[in-house]
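Q: I am new to this structure and would like a close look at a single part of it. Please take the sheet in one of the chains, together with the helices that go with it, and then set that part in its surroundings.

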There are 2 protein chains.
Amino acid sequence: MTLARFLAPRGIALIGASEGTAKIGGKVMATLIGRGYPGRLMPVNPRGGTLHGLPAYARVADLPETPDLALIAVPAPLVAGAVEECAAAGIPGALVFSSGFGEAGEAGERLQAGLRDTIRRTGIRVAGPNAEGFLNTRAGTAATFSPAVHVDPGSAPPGRDIGVVSQSGGLGFAFYNRGRGAGLSFGHVVSVGNQVDLTLSDFLRHLVEEDGTAAVMVYLESIPDVPAFLAAAREAARRGKPIILAKAGRSEAGRRAAASHTGALAGSAEAADAVLARHGVIRADDQDEMIDIAAGLTRHPLPKGRRVAVISTSGGTAVWMADACARFGLELPEIDPERQARLRAIMPDFGSPANPVDLTAQTSGGFAAALEILIDAPYLDGLIVAGSFTHTARLKSEGARMVELSRGEKPVLFYSYAPVADDARALMDRLGMHGFATMTGCVRAFRAMADHAAFRADVLPGLLAEAPAPSLAPEARAILDDSAGTLSESATKRLLAAAGIALPAERLVRDAEEAVAAAGAIGFPAVLKVQSPDLPHKTEAGAVALNLPDAAAVRAAHARILAAARAHAPGARIEGVSVAPMAPPGLEVIVGLKHDRDFGPAVVVGLGGIHVEILRDVALAPAPVDADGARALLLSLRAAALFRGARGAPPADLEALAGLVARVSALGAAAGPRLAELDLNPVFVHPAGGGVTVADAVAVIGDAPP
Amino acid sequence: MTLARFLAPRGIALIGASEGTAKIGGKVMATLIGRGYPGRLMPVNPRGGTLHGLPAYARVADLPETPDLALIAVPAPLVAGAVEECAAAGIPGALVFSSGFGEAGEAGERLQAGLRDTIRRTGIRVAGPNAEGFLNTRAGTAATFSPAVHVDPGSAPPGRDIGVVSQSGGLGFAFYNRGRGAGLSFGHVVSVGNQVDLTLSDFLRHLVEEDGTAAVMVYLESIPDVPAFLAAAREAARRGKPIILAKAGRSEAGRRAAASHTGALAGSAEAADAVLARHGVIRADDQDEMIDIAAGLTRHPLPKGRRVAVISTSGGTAVWMADACARFGLELPEIDPERQARLRAIMPDFGSPANPVDLTAQTSGGFAAALEILIDAPYLDGLIVAGSFTHTARLKSEGARMVELSRGEKPVLFYSYAPVADDARALMDRLGMHGFATMTGCVRAFRAMADHAAFRADVLPGLLAEAPAPSLAPEARAILDDSAGTLSESATKRLLAAAGIALPAERLVRDAEEAVAAAGAIGFPAVLKVQSPDLPHKTEAGAVALNLPDAAAVRAAHARILAAARAHAPGARIEGVSVAPMAPPGLEVIVGLKHDRDFGPAVVVGLGGIHVEILRDVALAPAPVDADGARALLLSLRAAALFRGARGAPPADLEALAGLVARVSALGAAAGPRLAELDLNPVFVHPAGGGVTVADAVAVIGDAPP
């Protein structure tokens, strides 16, 4: 069955219907009828009779016709049987309200497993259990017991509805109720419950693909089917339908592996954040944030940049709003002299035309005149009107013209610093004018709109290009397939070399004489390191000797570091000693990979030393990134100024480093989950033109080849 | 006259009164009458007759009795004359609505100067001009043209009113109108206008001192009388009346001197922030933030800490609220097993008793039962109840008990994830129950309450102790008085030494032989530096030689650095060359002072190298701080972990550094504005027990001694 039919069923069987509204079955029935369900509603109750004025049927098998959807509100132990009966009767889909499944301990999990078996066996599609149902305002179908649907659904221009998909029914319907209060229009609200069959991603995909929805608000705590979710997000991005996501449960994450620095720093929350951002998913931390951002994205065109003019009749609001814009990274360019002169003509001499524009309450022209003057300024990407719309006077005199001027290419956002009275709210609705309730909400919405415009311009083409996954050189694949656990530096470097990543000349030697010969061939000063998969922290083990000037020093160091390694880790498997040239000086950075089970490979960069360990100044992006993406990632570090040569140092070879990051990220994408972690630490970035030196590296191989 | 009388006048003359409400004079008259002004209202209008049903007088001199207050709404050029007449008639105070003064260019500034002269000459006290007036809900006096006062003023328990003082009339009255919508009660709203005579600080002080006010909301852009403002803030702190402040205009600050690092980093915005925080003033960025924080502080007891339990009937809301708590630094301790067992008894088996507590919508006991169980848990400082109060059912069944339980020692905050309908809102008001409208607002309020409790416990005693200002040694005072501009390192170190700050042995020498002798006496290795007030950046000038091992090296370096200094700055006044021992290694920090014209001296600390220059990781506190305060300031740096000996380094001598910071801050407090800037950079902090070495220092002396 299609989800369009599921969400707009021509007939509904309500299994577990009851009289009154004390029980869920009764509440759902009253809600469906009260909200004007237009199809045939067939209550099922063993006692038959009449319920809420409709004839009730004792069994599903007794139904006079086959409905499109069954709603199930019977005790948990009876649910699987009810679903079985529905399937037997040819009902294609069911929604289970009942709780007491996966969310309720072991007994519930067993019931959920049984329900899943029934679904698999019969082929019926099931939403829930433990779901609060759905509301389809366009189909007049409120299949829910949520009291929040008793609100006028409003109406949006065609194609401008907001959809809601939520793992929490309470929150999903609260988005609807609060959003309606803010003047938004909703097409669907879907509470997905435990997702035993139909998942949040399924409903998200449907709303993205159906024509009436302009944006989707999503609340979730976990994603059982990340690939499906990301496919829906990609399709949403392709169709220009933003997803505004609250992903809760962050504060309880935080289980992180620590086999390498990257492992300790990247984690599934960070990987999820990076992948979702790459797909254009917009994040929010509270209901009002989601509603403000949804309003910005569905009621206004996207701005081309972050340059705004603020127009107010309150000087204080103008100043304060300018601060808020700065806090959110918006720019307020000074208005040009010619337009300033025209603005002066519509304000008393104690007004201010520069930006923020303070028209004062005594303005002769009002907002419409100011908008006329400013709307086509080529250095403005949008406008914010901060007035007092408490009363209807100004709305009546110039509201229509303000709305008309806001219907062009540039977004014009309206904010009322005084609360909007009911009659003024109604007039704004009639005018088709959205008003933001808070200054921060208004500015945050503009920022989200500008961010989303930047995503569409800069990131989306790459996302949609669907470049084939980078391929892995056969030698590199062979190393991955033949290894397990933590690799030694030498083994890791063989993997890097096989993947085409340039490394300093280096030899693995068996004894002191080989070491001396190798150092002579490679050139002094030399570096010696004991190679062992059991010594991930070589320096602490005394297994490294730096800056060895000649053969004698190499010979002495060889003995010393082997003895130290054996003393430090008596059982360590020692593969030999590596001999390499001493790296020339450079800025110390870390480049890593981390494969997240759900969100795939991510590349991680950070500056070495205190930056990663103390200041947690790291940046992460889904792999692969190209050189441009790698450069942007590096420049997003707080300490990025160091690349430009701060404190008298020469500029670092950022291009070479970006190239390395891109190649490492391609390796991560090509290797798949088998390359669980990779940590290049330190990498020395030499002055511009001097390239980079990978001084040490460690890889961690995942369980079995997929 | 007292401000109590000004704000509750027994009689009012309204000069510039008019019929209708087109003009300000008419609006004010209609508002006073409409809001039930209980005293005698005497309109003054040259045409006499009757206005709004009251007899009008042609001139102030014609008034039948002397009112307590004159309200003036005549064109700006006529205002000074009107004030003169009021003073002549013995009216003690006036409020000027008229615009066109200091805010309106040069002509307006001249009018304002004239008005100020009239005030000084006559002794009348004047609020405004360019003010929107005031509302005193307790005296039934709405002396304003703001339409926002047409709102039911509500009523709070005695002593729990909120006061508003605002530089922006529009915002001040919007606080009232929005705050009323959120169920808050206000005693006074005062728009202070241009503050030609009575300032915002005056009205703030009055509200702090009068009994009915529990907290004050303040909007301002600048403070004309910082000492008066801080005195009012100190009195507010003493009386336990929080000030919630929006200080706008930050984004346009940013004019900073750059004579030293400290000068470049501290600035008046940072100094203001630090001083206001020291006085317990709470900052907010938007109207809803101010209202939420005011609600938290006036409707609830202060928590003793940051440990909360979250109780919800929506699992999603419970999880999301836990995230919000973590974002704001609140802790959610796990509930003890015994209380978990009691919670389990009032929830179905799919609930969760750990914290956050998910009672589920099917809870048998509800919030009241959960509160009974948790309210006395010794590991909880407060509770957050996150329910759906859309409808009245739950409020009717358990609202009274919930409110009763919230009236104890611990704060219990209520938040409704679904919007609250009008009848539910009315019921909550009757119950005396405040509900937060957003999750973030609720958590932010709790955070502000916990911060304020910490201020009262930790900072307030020191603020009220009024320790005498540290005294300055006579030699130090003499150096300050006899100097000007930027001092050389040697001169700066003389100042430090005179102030009792220990410095390494150091000699200023005239020639190479003296240098060799001094180095021999002090001990090798030695450091030589050219001393000149015209060489603030000695290293860049080549005027420094480090780590000189012997006499020959000292002799050669002496010639080399003098030649380099002369080549770098040919006209530089050279005082000589300093000889000092090479500092032992240590963590590099910067300690500075910056005297702000308005907010006084502040001490600034940061870690050296990239931390200050690239990462802007600095902390600032009003001077003086004691050793405890200095330690807390140092530990507030992002990179504070370095003090504890990160990356294998030994722990640094934090105690010695805190002692240095405290002594420097005492010097700043004692020296006053004459010591405009001081920059100790670098200071080496040696391993614990090893003390600190001030390696370089520069002071900037301000204009004339005060």
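A: What follows describes one sheet and its helices, and then turns to a helix pair, to the contact between the chains and to the domains.

The model is a predicted one, and the part chosen here is an open sheet of 4 strands in chain B, whose order is β21-β24-β22-β23 and whose pairing is antiparallel. At the edges of this sheet are β21 (507-509) and β23 (544-548) of chain B, each of which pairs on one side only. From one strand to the next, the twist averages 25°.

To follow one edge in detail, one can look at β21(B), which pairs in the antiparallel sense with strand β24 (residues 576-581) of chain B over 3 bridges. Within this pairing, R507(B) stands opposite V579(B) in β24(B). Helix α19 (residues 512-522) of chain B packs on the sheet, where it touches β21, β22 (526-531), β23 and β24 of chain B, and its direction makes about 20° with that of β24(B). Another helix, α20 (residues 551-568) of chain B, lies across β22, β23 and β24 of chain B and runs at about 25° to β22(B).

Elsewhere in chain B there is a pair of helices to consider, α11 (residues 315-327) and α16 (residues 439-465), whose axes come within 9 Å and cross at roughly 40°. These two helices, α11(B) and α16(B), are therefore oblique to each other, and their crossing is right-handed. On the side of α11(B) the contact is made by W320(B), M321(B), A324(B) and C325(B), while α16(B) brings M439(B), T440(B) and V443(B). Sorted by class, this contact of α11(B) with α16(B) has 6 nonpolar residues, 1 polar residue and no charged residues.

As for the contact between the chains, 57 residues of chain A are in contact with 57 residues of chain B. Several helices of chain A each supply at least two residues of the side that touches chain B, among them α4 (105-122), α5 (169-181) and α16 (439-465), but the largest share of that side, 8 residues, comes from α11(A). By class, the side of chain A that touches chain B has 24 nonpolar, 21 polar and 12 charged residues.

Finally, chain A is divided into domain 1 (1-134), domain 2 (146-242 + 280-299), domain 3 (301-462), domain 4 (505-581) and domain 5 (587-701). Between domain 1 of chain A and domain 5 of chain A, the C-alpha centres lie 53 Å apart.

Notes
Residues are numbered from 1 along each chain as its sequence is written. Chains are lettered from A and ligands numbered from 1 in the order in which they are written. This is a predicted model: local features need pLDDT of at least 70, side-chain atom pairs count only at pLDDT 80 or more; totals for chains, interfaces and linings use all residues. Axes are lines fitted to C-alpha atoms, for helices over the stretch in contact, and angles run from 0 to 180 degrees between N-to-C directions. Angles under 35 degrees count as roughly parallel, over 145 as roughly antiparallel, 65 to 115 as roughly perpendicular and the rest as oblique. A crossing is left-handed if the near helix is turned anticlockwise from the far one by less than a right angle, and right-handed if clockwise. Two residues are in contact if their C-beta atoms, placed from the backbone, lie within 7 Å. Ala, Val, Leu, Ile, Met, Phe, Trp, Tyr, Cys and Pro count as nonpolar, Asp, Glu, Lys and Arg as charged, and the others, Gly among them, as polar. Domain bounds come from an automatic or database domain assignment. Two strands pair if DSSP finds at least two bridges between them.
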